[in-house]
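Student: I should like a close look at a single part of this model, namely the seven-stranded sheet and what packs against it, with the remaining elements treated afterwards. Which strands form the sheet, in what order, and what surrounds them?

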Amino acid sequence: MTAPVAHWLDNASFPGSSDRTAEVTNPATGEVTGRVALASAADAEAVIASAAAAAPGWAATSVAARTQVVFRFRELLNERAADLAAIITAEHGKVLSDAAGEVARGQEVVEFACGIPHLLKGGYSEQVSTGVDVHSKRQPLGVVGVISPFNFPAMVPMWFFPLAIAAGNTVVLKPSEKDPSASLWMAELWREAGLPDGVFNVLQGDKEAVDALLDHASVKAISFVGSTPIAQYVYERGSAAGKRVQALGGAKNHMVVLPDADLDLAADQAVNAGFGSAGERCMAISVLVAVGPVADDLVAKIADRARGLVTGDGTRGADMGPLVTRPHRDKVAAYVDAGESAGAKVVVDGREVDADGAADGFWLGPTLLDHVTPEMSVYTDEIFGPVLSVVRVETYDEAVALVNANRYGNGVALFTSSGGAARKFEVDVEVGMIGINVPIPVPMAYYSFGGWKSSLFGDSHAHGTEGVHFFTRGKVVTSRWNDPAVKPQGGLELTFPQNT
Ligand code: NAD
């Protein structure tokens with residue numbers, strides 16, 4: 001039997017001493033393709049100690065030298081993106097083109113990090129008081145932990161580690177145990193790019209590894225992405241241990257279609273955003289809010305398109321791959337059962353899909369539910385599968401009230417041909433990322449990614465300027481350098497310093 005997917009310490013594979021492991025499966029075949037090590041507290045200690053030992057040296061390395069390594073990582077990633085995409089498809093199941101898209105979006109943050117010197121610049125004010133100047137600077141934090149979900153095993157870690165590393169921190173990445181191999185592939189790339197030992201480390205595992213990161217005094221900050229209950233737990237435990245924490249949680253993204261929208265565009269985009277990556281995206285559209293008379297036409301157009309999609313093995317040109325595990329596939333199917341029992345109409349039924357793939361793959365086809373109402377579990381819960389629920393409302397105000405009453409606030413989209421309606425919507429909705437005729441409004445790397453309400457705990461969003469601030473601490477220096485030609489200097493003055 002092959003060895004379990006290992007940890008990464010001091011630029012080398014590290015098997016650890018724990019005897020706990022978890023299965024890794026290929027979702028398109030249902031086969032167990034390997035195992036992953038699940039760290040013990042002692043394994044975590046070893047990996048964190050390596051990151052802590054490397055931190056002072058990396059922080060003292062010039063910003064030019066640091067960004068050159070990041071740039072080399074970018075060049076290598078560019079050359080070999082297809083290899084990483086293939087690893088993602090083999091363990092996650094998303095189709096190859098989608099996996100390649102994930103890598104490309106992660107790479108944008110790597111490219112953004114190459115320009116970090118511009119964002120690390122401080123300010124300088126001369127002569128704020130007589131003979132006194134002030135300047136500010138930003139410094140790295142030390143060791144930072146990145147804890148990532150299964151659905152983007154490359155892109156989500158890349159939302160954080162390029163900036164953390166470029167800013168002078170060392171990183172311990174704790175990937176999802178469902179698709180752990182991408183993390184080691186990226187670790188090897190860092191080594192090849194010339195990153196010194198201990199700057200980028202990987203700790204494989206489950207709750208035990210996460211808790212070790214949350215509690216360890218050497219870990220100064222945590223960037224977490226995952227489901228809302230775990231995000232809240234991570235935020236509370238990490239903050240209680242004195243760390244800076246940004247914890248991005250789950251989502252329930254609405255797409256509101258006004259009567260003046262281009263319905264063909266809206267139908268195309270609802271299918272793309274509802275069923276792409278089998279709905280396993282935190283920015284997937286899971287609720288379509290049809291306003292007024294558009295509902296019947298729109299549902300018919302979406303159903304036509306959804307019926308034409310090929311569900312199958314992501315290596316063979318299918319439109320949509322399997323779900324990540326058998327239990328997850330069954331959980332999503334159970335939500336469809338519950339919606340049907342509660343009175344929703346199953347317009348397209350993915351439960352009996354004829355997939356282009358192995359019999360034991362974790363298949364669930366695109367599913368369209370109409371006449372969903374807000375108290376149904378298919379509406380209230382994050383399902384994280386290829387299930388698009390249509391809620392019918394009469395007015396714009398009802399649509400906005402529905403979006404704002406939802407506990408999540410990650411993404412939302414409005415389809416309309418009215419600039420005025422779009423502008424009002426941007427103001428009215430309580431959601432972090434808004435698309436206007438764009439269904440998945442994932443911000444570019446130089447903006448920051450993050451939701452509101454139960455979709456984010458903490459106050460910093462990922463990447464962009466907020467990401468740079470999250471991974472650095474500010475200092476302000478007030479200094480007096482007197483003119484040596486002027487005598488006498490100083491003098492006693494016990495009042496609170498004032499500017500003169
Ligand atoms: P998850 O919450 O199950 O796991 C996320 C991470 O937490 C993993 O590394 C996992 O090992 C760890 N973990 C799991 N259980 C834990 C526990 N009890 N204690 C401590 N750590 C634990 O999430 P997932 O199923 O891997 O990913 C899907 C979820 O992530 C969805 O809810 C999705 O919306 C969310 N997500 C959010 C964003 C965002 O930007 N807001 C992006 C991607 C995914």
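Tutor: The account below begins with the sheet and then turns to other parts of the chain. The model is a predicted one.

The sheet is open and consists of 7 strands, arranged in the order E14-E15-E16-E13-E12-E18-E19 with mixed pairing. Its edges are formed by strand E14 (345–348) and E19; each has a single partner strand, so one side of each is left without a neighbour in the sheet. On average, and with direction ignored, neighbouring strands are turned by 20° against each other. At the E14 edge, E14 and E15 run antiparallel and are joined by 3 bridges. Within this pair, Lys345 stands opposite Asp370 in E15.

Two helices accompany the sheet. Helix H9 (residues 263–275) packs on it and touches strand E12 (253–257), strand E13 (285–291), E15, strand E16 (387–393) and strand E18 (411–415). The direction of H9 makes about 170° with that of E12. Helix H10 (residues 295–307) lies across E12, E13, E14, E15 and E16, and it runs at about 50° to E14.

Two loops and a short strand next to this region deserve attention. The loop between strand E15 (367–370) and helix H12 (377–380) contains His371, which has a positive phi of about 55° although it is not a glycine. His371 has a relative accessible area of 39% and is therefore partly exposed. Lys453, in strand E20, likewise has a positive phi of about 55° without being a glycine; its relative accessible area is 31%, so Lys453 is also partly exposed.

Ser448 belongs to the loop between strand E19 (433–436) and strand E20 (452–453). Its relative accessibility is 17%, and because the limit for a buried residue is under 20%, Ser448 counts as buried. The side chain of Ser448 reaches the backbone oxygen of His463 at 2.6 Å and the backbone nitrogen of Glu466 at 3.4 Å. Beyond its neighbours within four places in sequence, Ser448 is in contact with several residues, including Pro443, His461, Ala462, Gly464, Thr465 and Gly467.

Elsewhere, an open sheet of 3 strands has the order E5-E6-E22 and antiparallel pairing. Strand E5 (124–129) and strand E22 (472–480) are its edge strands, each pairing on one side only. Here neighbouring strands are turned by 30° against each other on average, direction ignored. E5 is joined by 3 bridges to strand E6 (residues 132–140), the two running antiparallel, and Ser129 stands opposite Val132 in E6.

A further pair is formed by strand E7 (residues 143–147) and E8, which are parallel over 5 bridges; Val146 stands opposite Leu173 in E8. In strand E8 (residues 170–174), 5 of the 5 residues are buried, so E8 is largely enclosed by the rest of the structure. In a regular strand the side chains alternate between the two faces of the sheet. In E8, Thr170, Val172 and Lys174 point one way, Val171 and Leu173 point the other way, and all are buried.

Finally, helix H2 (residues 63–92) packs with helix H3 (residues 96–114) at an angle of about 170°, their axes being 8 Å apart. H2 and H3 are therefore roughly antiparallel to each other. The residues of their contact comprise 16 nonpolar, 4 polar and 3 charged.

Notes:
Residues are numbered from 1 along each chain as its sequence is written. This is a predicted model: local features need pLDDT of at least 70, side-chain atom pairs count only at pLDDT 80 or more; totals for chains, interfaces and linings use all residues. Side-chain values use heavy atoms; hydrogens and water are left out. Axes are lines fitted to C-alpha atoms, for helices over the stretch in contact, and angles run from 0 to 180 degrees between N-to-C directions. Helices (H or I, at least four residues) and strands (E, at least two) are DSSP runs, numbered from the N terminus. Angles under 35 degrees count as roughly parallel, over 145 as roughly antiparallel, 65 to 115 as roughly perpendicular and the rest as oblique. Ala, Val, Leu, Ile, Met, Phe, Trp, Tyr, Cys and Pro count as nonpolar, Asp, Glu, Lys and Arg as charged, and the others, Gly among them, as polar. Buried means under 20% relative accessible area, exposed over 50%, partly exposed in between (1.4 Å probe, protein chains only). A polar contact is a pair of N or O atoms within 3.5 Å; within protein, one must be able to donate a hydrogen and the other to accept it, and residues adjacent in sequence count only if both atoms are side-chain atoms. Contact means heavy atoms within 4.5 Å. Two strands pair if DSSP finds at least two bridges between them.
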